[in-house]
Amino acid sequence: MRQIKEKLEIRERRIFSEPLKKQIVKDLVNKRNSINEVMSEHQVSRNTVYRWLYQYSGRHEQKCTLVVQMQSEEQRKRELQQRVADLERIVGQKQLEIDFLNKLLEVGSNELGFDLKKSFSSPPSNGSATTSTGTPTV
């Protein structure tokens, strides 16, 4: 029974001063400490640390996730965005080339009088045709 009482023993409520909370939040924001370090150093829960962050940091709002990325990840992201922009530009140039060639086929078809897209051989000549044996047909 005594063991149960010890386990159920209520921790003494601690009150942290406002300047201390602000200093802790400032250290978190400036990345001098991590949340885990603050939790272990001051013996507070993760929820308490986040509550202080929301309360004393202008950058953090509740129900907002703070994504911290390394500088190399940010550089990689910029490189990938540049690569996407380059590829989009190349695709746009190729589309213009395709549109030009399609218009050229259309104009050529109108000039020659037959559809160049469907017919890959030249139209029959007006001269006399010959059979496979070489004899002229009438």
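Reader: Starting from the N terminus, in what order do the elements of the protein chain run?

Author: Helices here are DSSP runs of H or I with at least four residues and strands are runs of E with at least two, numbered from the N terminus. By that count the protein chain has five helices and zero strands. From the N terminus on, the elements run α-α-α-α-α.

Reader: Before I poke at side chains, which atoms do the side-chain values use?

Author: This is a predicted model, in which local features need pLDDT of at least 70, side-chain atom pairs count only at pLDDT 80 or more, and totals for chains, interfaces and linings use all residues. Residues are numbered from 1 along each chain as its sequence is written, and side-chain values leave out hydrogens and water and use heavy atoms.

Reader: What percentage of the residues in the protein chain is buried?

Author: Buried means under 20% relative accessible area, exposed means over 50%, and partly exposed is in between, with a 1.4 Å probe and protein chains only. The protein chain has 138 residues, and the buried share of them is 14%.

Reader: And among contacts between residues at least 6 apart in sequence, what share joins residues at least 24 apart?

Author: Contact means heavy atoms within 4.5 Å. Taking the contacts in the protein chain between residues at least 6 apart in sequence, the share that joins residues at least 24 apart is 36%.

Reader: Let's look at packing: how are α2 and α4 oriented to each other?

Author: The axes are lines fitted to C-alpha atoms, for helices over the stretch in contact, and the angle runs from 0 to 180 degrees between N-to-C directions. Helix α2 (residues 18-29) and helix α4 (residues 46-56) have axes 9 Å apart and an angle of about 90°. The classes are roughly parallel under 35 degrees, roughly antiparallel over 145, roughly perpendicular from 65 to 115, and oblique for the rest. That's why α2 and α4 count as roughly perpendicular.

Reader: Into which residue classes does that contact of α2 with α4 divide?

Author: On the α2 side you have Glu18, Lys21, Lys22, Ile24, Val25, Leu28 and Val29, and they meet Val49, Trp52, Leu53 and Tyr56 in α4. Ala, Val, Leu, Ile, Met, Phe, Trp, Tyr, Cys and Pro count as nonpolar, Asp, Glu, Lys and Arg as charged, and the others, Gly among them, as polar. The residues of this contact divide into eight nonpolar, no polar and three charged.

Reader: Lysine 21 caught my eye; how far away is the nearest side chain of opposite charge?

Author: Lysine 21 sits in helix α2, and leaving out residues up to four places away in sequence, it touches Phe16, Trp52 and Tyr56. Lys and Arg count as positive and Asp and Glu as negative, with His and the chain ends not counted. A salt bridge needs a side-chain nitrogen of Lys or Arg within 4 Å of a carboxyl oxygen of Asp or Glu. Lysine 21 is buried yet has no salt bridge, and the distance to glutamate 18, the nearest opposite charge, is 6.7 Å.

Reader: Then which residue does glutamate 18 meet in a salt bridge?

Author: Glutamate 18 is partly exposed, at 44% relative accessibility. Its partner is four residues apart from it in helix α2, which means about one helical turn between them. The N to O distance is 3.3 Å, and the partner is lysine 22.

Reader: How close are the N and O atoms in the salt bridge of aspartate 27 with arginine 32?

Author: Aspartate 27 is buried, with a relative accessible area of 14%. Arginine 32, in contrast, is exposed at 51%. The closest N and O atoms of this salt bridge are apart by 2.7 Å.

Reader: What's the N to O distance in the salt bridge between glutamate 97 and lysine 94?

Author: Both residues lie in helix α5 (residues 71-112), three residues apart, about one turn of the helix. Glutamate 97 is partly exposed at 42%, and lysine 94 is partly exposed at 48%. Their side chains meet with an N to O distance of 3.8 Å.

Reader: Any backbone oddities: what is phi of lysine 31 near?

Author: Most residues other than glycine have a negative phi. Lysine 31, in the loop between α2 and α3 (35-42), counts as exposed at 60% relative accessibility. Its phi is positive, near 60°.

Reader: And what is phi of glutamine 43 near?

Author: Glutamine 43 lies in the loop between α3 and α4. At 47% relative accessibility, glutamine 43 is partly exposed. Its phi is again a positive value in a residue other than glycine, near 55°.
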